[in-house]
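Q: Can we go through this one together? I'll ask short questions as they come up.

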Amino acid sequence: VALTAIVGGFGNYVVPLQIGAKDMAFPRLNALSYWLLPPAVVILMAALFNGGIDFGWTAYAPLSTKGPVGKLFFLLAFATSGFSSIFGGVNLLVTIIRMRAKGMTFLKMPIFVHSIAATATVIVIATSVVASSLFMVIFDRVLNTSFFDPSRGGAVILYQHLFWFYSHPAVYIMILPAFGVLLEILPVFSRKPLFAYPLAVWSLWIIVFLSFVVWAHHMFTSGMWGLLSFPFLVTTELISIPTGIMFLSSLGTLWRGKIRLTTPMLFAIGVIANFLIGGLTGIFLADVPSDVHLHDTLFVTAHFHFTIVGGTIFALFAAVYYWFPKISGHLYNETLGRWNFALFFYSFNATFIPMFWTGTRGLRRRVADFPPELGPLQMWISISAFVIFISVAIFLYNMIQSLRRGAPASSNPWSAQTLEWTLSSPPPAHDFERPPEVTTAPYEFGK
């Protein structure tokens with residue numbers, strides 16, 4: 001839930017404000033998207049009491065096609081949440097395409113809106129594929145079809161291709177909104193225009209295209225046709241180019257800026273530092289020889305967490321602190337916010353950097369046992385992970401206390417230039433009384 005909170009939560013709340021719309025394009029579809037989630041949670045919990053599941057989050061066939069009914073509940077929960085995502089993605093795309101304020105052209109939209117539009121495109125395309133694959137598994141279980149039964153002409157590896165065709169773009173469903181938050185915040189607290197804004201926008205859309213042609217780098221050890229390895233190695237390396245442009249835009253915006261190290265800015269800088277490590281370590285997993293050695297080790301776990309937690313979750317904290325005054329009408333406690341960042345940043349790195357070392361020495365993920373000589377390091381990792389919990393507790397305390405007793409927030413406490421900051425905090429029920437008109441780019445600091 002946390003990994004999709006930016007696109008689902010802030011996408012629904014902030015995007016209409018930033019484009020000058022009164023609401024989402026389809027409020028009822030929005031409600032349906034939301035209310036599909038509680039049944040999905042109930043069905044998923046029911047799986048635990050009906051035999052459970054033993055195939056992990058990937059639900060690989062043929063293991064998922066047989067066994068207790070709890071597996072069927074998992075598949076139905078996954079599919080239900082998929083429909084919720086698709087409906088939300090369609091709603092976001094229509095809202096952004098059809099309801100922008102007068103004068104808000106493609107290159108006058110806030111970068112966060114671009115990131116949400118790019119994410120919604122991935123959601124609509126990729127989630128439809130994984131939903132189809134889930135129904136194929138359900139049909140194999142319930143209707144005795146043979147999509148994934150080799151004894152009757154099916155193909156087990158077909159499920160992996162369909163699953164990863166969704167699940168690697170799903171990484172960008174998580175990280176593209178994080179890029180949007182990052183590049184939204186940096187200009188405000190650097191008091192500079194967003195560096196290479198057009199290039200950053202086009203890079204987001206290039207990432208969308210390339211995200212659909214890299215899926216099989218998850219399958220280098222699966223036994224797929226060997227000649228496929230090289231083209232997927234190349235496409236995986238290629239996607240690092242537009243991703244690198246995100247870093248170029250970030251660093252160029254920071255360069256010689258009048259930086260204010262507020263809590264949102266600290267978390268945004270944390271995204272840059274963490275995702276850099278995640279990106280560099282991803283190169284080893286993109287190359288076939290090193291991936292064969294590192295596959296399914298804690299090196300992969302560390303890489304994944306530096307990209308997703310180090311990128312998306314840090315960006316989520318940045319977004320909460322940045323838009324909290326606008327949403328709540330209150331200011332948060334800056335001192336507690338800094339403590340939240342400091343503890344989370346240092347404990348996160350202390351938890352996952354050692355996993356790169358243990359992974360290169362063959363320590364497997366999803367396995368509880370480890371050599372005795374790694375005991376002290378494993379204890380260090382466990383203690384560091386507990387400190388992460390403490391940092392999140394500080395965050396929750398800060399938010400609750402600020403909602404109850406925080407100082408009133410002005411309409412624009414950050415002196416930002418996007419449309420949401422022209423409204424009161426919190427905004428009125430239907431946002432804008434009169435449709436706004438946009439005449440300038442969103443980041444004109446210092447001009």
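Q: Which residues touch the most other members of the largest nonpolar core?
A: In this predicted model, Ile111, Phe112, Val181, Tyr322 and Trp323 touch the most other members of the largest nonpolar core, which has 128 residues. A nonpolar core here is a set of buried Ala, Val, Leu, Ile, Met, Phe, Trp, Tyr and Cys residues joined through side-chain atoms within 4.5 Å. Buried is under 20% relative accessible area, exposed is over 50%, and partly exposed is in between, with a 1.4 Å probe and protein chains only.

Q: Which helix gives the largest share of this core?
A: Helix H6, residues 156–190, with 20 residues. Helices (H or I, at least four residues) and strands (E, at least two) are DSSP runs numbered from the N terminus.

Q: What does Val181 touch?
A: Leaving out residues up to four places away in sequence, Val181 touches Ile6, Phe112, Ala315, Ala318, Ala319 and Trp323. Contact means heavy atoms within 4.5 Å.

Q: Any ground rules on numbering and confidence?
A: Residues are numbered from 1 along each chain as its sequence is written, and side-chain values use heavy atoms, with hydrogens and water left out. As this is a predicted model, local features need pLDDT of at least 70 and side-chain atom pairs count only at pLDDT 80 or more, while totals for chains, interfaces and linings use all residues.

Q: Back to the fold. How many helices and strands are there?
A: The protein has 14 helices and 0 strands.

Q: How does the radius of gyration fit a compact globule?
A: It agrees: the protein has 23 Å, and a compact globule with 447 residues would have a value near 22 Å. The radius is taken over C-alpha atoms, and the globule rule is 2.2 Å times the number of residues to the power 0.38. The C-alpha trace spans about 65 × 50 × 45 Å along its principal axes.

Q: What share of residues counts as buried?
A: 53% of the 447 residues. Among contacts with a separation of 6 or more, 81% come from residues 24 or more positions apart.

Q: Now the loop between H3 and H4. Where does Gly52 lie, and is it buried or exposed?
A: Gly52 lies in the loop between helix H3 (37–48) and helix H4 (69–98). Gly52 counts as buried because its relative accessible area is 13%.

Q: What does it touch?
A: Not counting residues up to four places away in sequence, Gly52 touches Ala47, Pro68, Gly70 and Lys71. The C-alpha atoms of Gly52 and Gly70 are 4.9 Å apart, with the two positions 18 residues apart in sequence numbering.

Q: Which peptide bonds are cis?
A: Ala61 to Pro62 is cis, with omega near 5°, and Pro62 is in the loop between H3 and H4. Ser425 to Pro426 is also cis, with omega near -5°; Pro426 is in the segment after helix H14 (375–405).

Q: And which non-glycine residues have positive phi?
A: Arg366 has phi near 65° and Asp431 has about 60°. Arg366 is in the loop between helix H13 (334–360) and H14, while Asp431 is in the segment after H14.

Q: Are those two buried or exposed?
A: Arg366 counts as exposed because its relative accessibility is 63%. Asp431 counts as buried, at 11%.

Q: Last one: what about Thr301, buried or exposed?
A: Thr301, in helix H12 (residues 298–328), counts as buried because its relative accessibility is 15%. Thr301 touches Met355 and Arg365, again leaving out residues up to four places away in sequence.
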